[in-house]
Structures are given as structure tokens and as C-alpha cells.
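Got your viewer open? Let's take a walk through this chain, one selection at a time.

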Amino acid sequence: MKTKLCLLYGGKSAEHNVSLQTAKAVIGALDLNKYEIHPVFISTEGQWIKGPQLNAPVEDVKALQFNNGEEISPNALSTAITPADSKDSEGYDMIFPLLHGPNGEDGTVQGMLELLNLPYVGNGVLASSAGMDKVIMKNLFAQAGIPQVDYTWFIRSTWEANSENAYNEVENEIGYPCFVKPANLGSSVGISKCTSREELAAAFEEAFQFDRKIIIEEGVKAREIELGVLGNDQPECSVAGEIVPKKDFYDYKAKYEDGDTALIIPAEVDQETYGKMKEIAIQSFKALDCSGLVRADFFLTEDGQIYMNEVNTMPGFTPFSMFPLLWKHTGVDYPTLIGKLVELGLGRYQEKQTIKHTM
């Protein structure tokens with residue numbers, strides 16, 4: 001019997017197009033002898049559209065944006081998308097959220113799937129929401145004793161009330177260079193590098209277009225090293241990879257449009273450094289109570305100092321993406337990787353079914 005896999009992609013997010021690219025890549029990698037592919041496209045307006053079963057890879061993401069599909073209500077997922085083990089022959093075995101950013105990667109969809117008691121791939125509500133909010137994530141990492149660069153944060157109303165105070169605080173506590181980021185976005189959307197007050201003011205303006213909360217991080221001269229983490233209670237790490245952007249930093253365009261960067265896999269790091277990074281990656285995975293997968297991103301300075309930058313609870317699966325490439329070089333090819341993620345999702349779902357909810 002084939003596994004009936006429902007793919008959720010698109011979404012109300014600035015990372016909508018990234019999600020489409022991820023979906024296209026995953027569809028192209030799935031073994032059609034093992035899986036039935038049932039797509040559900042979420043438009044930028046929030047419409048959920050159930051498309052026809054896919055029996056071949058798609059050549060263009062436009063083919064995944066259904067105009068004439070069956071519109072469904074997310075509230076009706078318990079009937080429109082039902083686990084196969086419910087004895088409904090039309091039901092699906094697993095939901096695979098391929099959503100990036102708010103309204104998908106941030107725990108909102110995961111919470112809905114939990115309420116409907118549906119099995120799904122990837123991180124749960126807490127890990128997704130904490131991993132999306134960079135401020136909360138860094139606060140949890142700080143409590144766990146995980147090394148990080150200095151950071152501060154603001155909400156829009158505080159900045160609007162007294163922008164000069166905000167800029168002064170950044171200059172006094174963080175200094176230049178620094179990076180300004182929306183707190184709840186990924187894929188390098190809305191990020192700016194600042195070396196002056198003028199650039200800082202412009203960066204605040206830019207980041208607040210994407211979120212009501214922003215984070216400002218100390219800029220350090222360092223290599224960018226990433227590890228893939230895979231598992232539930234006993235996570236494992238991939239080989240290390242290094243990002244060497246041709247631009248000043250690894251921005252959205254370099255990631256998803258022109259591939260204007262070099263990915264070095266495996267990265268040239270000594271075994272002691274790699275071992276420490278694995279320990280920190282797994283410590284970070286457990287600090288957020290992650291499950292399934294994360295990509296752990298590090299800074300490695302010239303003097304060997306390791307800083308955890310962030311974890312991404314739903315890393316991209318595009319042709320330029322680091323996560324599947326890391327596992328490919330570790331000996332886990334793309335189709336096998338997806339199969340492992342489905343197995344991990346089912347394992348976590350089955351574990352939850354053993355938990356008592358009444359006395």
C-alpha cells in the first residue's frame with residue numbers, strides 16, 4: 001500500500017514563494033511507487049485549495065497554484081483530511097507542512113493539526129513558535145547556557161514613541177556592525193547590515209514592514225557553518241556545511257533566486273570544533289523540544305569561538321538549500337530523507353496517542 005501524503009504549501013507569509021519552491025522540489029523527489037501525493041495550496045489570501053492527486057513532478061510552481069481546485073475550510077480538515085488509520089479509505093496517512101514563515105512554520109498550522117489529532121511531519125507547536133520568534137528562541141538559548149552573540153529587541157510602538165532612544169540603546173549595547181531582523185521571519189527577508197546611525201534607522205524602517213517586533217544582533221567576523229539535525233528524542237547531526245556568500249551577507253536573493261553563494265560541504269573544520277557544534281546543535285534542539293528536523297546555524301570566529309546563530313524548524317528544500325545537501329553528503333539521499341521525516345512524524349504521533357487526557 002502506498003502512503004497517502006498530503007502536502008500543505010503556499011501560505012499567508014512573505015515566504016509564500018519560498019514555500020512553492022520547496023513544494024516543487026519535494027514533489028520531484030518523492031518516490032511515486034511509495035507515495036500518493038495530494039496537494040493543498042494555501043493562497044496569499046488564506047484560501048485553502050485542494051488540488052488533484054499528482055502523478056508526476058511539476059515543471060513550474062505555477063502548476064501548484066490551483067485556480068479551479070476544490071476550496072476547503074481549514075476547520076473542515078478533520079473530514080477533508082482524515083488519517084488513514086481512521087478507517088476512512090479516502091483519508092491520508094500523513095500531513096507534510098511545507099510552509100515557511102508566519103501562518104505556517106510558526107506553530108499556527110501545527111496547533112490546528114494537533115486539535116484535529118492529525119499526524120504531521122516536523123516540529124510541534126512549541127518548537128515551531130519558539131523557533132520562529134528569534135527573541136523567544138534566543139532567550140531560551142540564553143537560559144540553557146548556549147553561546148550567542150549580544151542582542152536586543154524592540155516592538156514597533158516603543159520605537160515609534162522614541163526612535164532616538166532605540167538607536168542609542170543599540171549603539172551603546174550592541175555597536176556597529178550589527179544586523180537588524182524581523183523577529184518572526186526567516187529566509188533572510190527584511191534583514192539589513194548596519195555600520196552607521198543612518199543605516200540603522202533605514203534598517204528599522206525596513207524590518208518593521210514585516211513584523212511588529214525586531215531583533216538587533218551584534219555583527220561578528222566569522223564563518224557561517226550549518227548542521228542538519230534529524231530525529232525525535234535521539235537526534236543525530238549531519239556533516240557540517242559552510243556558506244560563503246559573494247555578497248556582504250547571505251541575503252534572500254542569494255538564497256533563493258540566483259544561487260549567488262558557495263556552499264562548501266563538508267566544511268573545513270577540525271574534529272574538535274565539529275564535535276562541539278554537534279553538542280550545541282543537539283542541546284539547542286532539545287532546549288526547544290524539537291522533533292523531526294532543524295537546521296542549526298553557527299558563527300565560527302577566527303579564534304575558534306562558536307556562537308549559535310539560530311535554528312530553523314522548517315528549512316527549505318529548494319535546489320539551493322543547505323539542509324538536504326548536508327544529509328546527502330552524510331549518506332542520506334533526498335528520497336530517503338523525506339521517508340525518514342515521514343517515519344519520525346508518525347512515530348511522534350503514535351507516542352502522543354498513548355498519553356492519557358482524562359483521569
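Two helix axes count as roughly perpendicular when the angle between them is 65 to 115 degrees. Keep that in mind for the first stop, and remember that you are looking at a predicted model.

**Stop 1: H4 and H5**

Select residues 125-132, which is helix H4, and residues 134-143, which is helix H5. How do H4 and H5 lie relative to each other? They pack at an angle of about 105°, with their axes 5 Å apart. That angle falls in the range above, so H4 and H5 are roughly perpendicular to each other. Now show side chains at the contact: Ala130, Gly131 and Met132 come from H4, while H5 brings Lys134, Ile136, Met137 and Leu140.

**Stop 2: the whole chain**

Zoom out for a moment and colour by secondary structure. You should find 12 helices and 14 strands. Of the 359 residues in the chain, 54% are buried. Take the contacts with a separation of 6 or more: 68% of them join residues 24 or more positions apart. Switch on the surface, too. The accessible surface of the chain is about 16100 Å², and carbon and sulfur atoms account for 47% of it.

**Stop 3: helix H7**

Next, select residues 163-173, helix H7, and pick out Ala166, Tyr167 and Val170, which are buried. Try looking straight down the axis of H7: its buried residues fall within an arc of 95°, so they line one face of the helix. Here's a handy bit of background: an α-helix has 3.6 residues a turn, so residues three or four places apart point the same way.

What do the buried residues of H7 pack against? Select these one by one: strand S6 (151-155), helix H6 (156-161), strand S7 (178-182), helix H8 (197-207) and strand S9 (213-218). Before you leave, click on Gly175, just after H7, which takes a positive phi of about 80°.

**Stop 4: H7 meets H8**

Keep H7 on screen and add H8. The two pack at an angle of about 120°, with their axes 11 Å apart. H7 and H8 are therefore oblique to each other, and H7 passes H8 in a right-handed crossing. On the H7 side, the contact is made by Glu164, Ala166, Tyr167, Asn168, Val170 and Glu171. On the H8 side, look for Arg197, Leu200, Ala201 and Phe204.

**Stop 5: three single residues**

Start with Ser19, in helix H1 (residues 16-29). Is Ser19 buried or exposed? Its relative accessible area is 0%, so Ser19 is buried. Leaving aside residues up to four places away in sequence, Ser19 touches Tyr9, Gly10, Leu98, Leu99 and His100.

Now jump to Glu59, in the loop between strand S3 (48-50) and strand S4 (70-72). Glu59 has 74% relative accessibility, so it counts as exposed. Try the distance tool here: Glu59 and Gly28 are 31 residues apart in sequence, and their C-alpha atoms are 9.0 Å apart in space.

Finish at Ile264, which sits in strand S12 (residues 261-264). With a relative accessible area of 35%, Ile264 is partly exposed. Again not counting residues up to four places away in sequence, Ile264 touches Ala240, Gly241, Glu242 and Val244. One last distance to draw runs from Ile264 to Leu325: they are 61 residues apart along the chain, and 10.0 Å separates their C-alpha atoms.

Note on methods
Residues numbered from 1 in each chain as written. Predicted model: local features only at pLDDT ≥ 70, side-chain atom pairs only at ≥ 80, totals over all residues. Heavy atoms only, no water. Helix = DSSP H or I, 4+ residues; strand = E, 2+ residues; numbered from the N terminus. Buried < 20%, exposed > 50% of the residue type's maximum accessible area, 1.4 Å probe, protein only. Contact = heavy atoms within 4.5 Å. Areas by Shrake-Rupley, 256 points an atom, 1.4 Å probe, with all protein chains shown as cover. Arc of directions from axis to C-beta. Axes fitted to C-alpha atoms, helices over the stretch in contact; angles between N-to-C directions. Parallel < 35°, antiparallel > 145°, perpendicular 65-115°, else oblique. Left-handed = near helix turned anticlockwise from the far one by under 90°.
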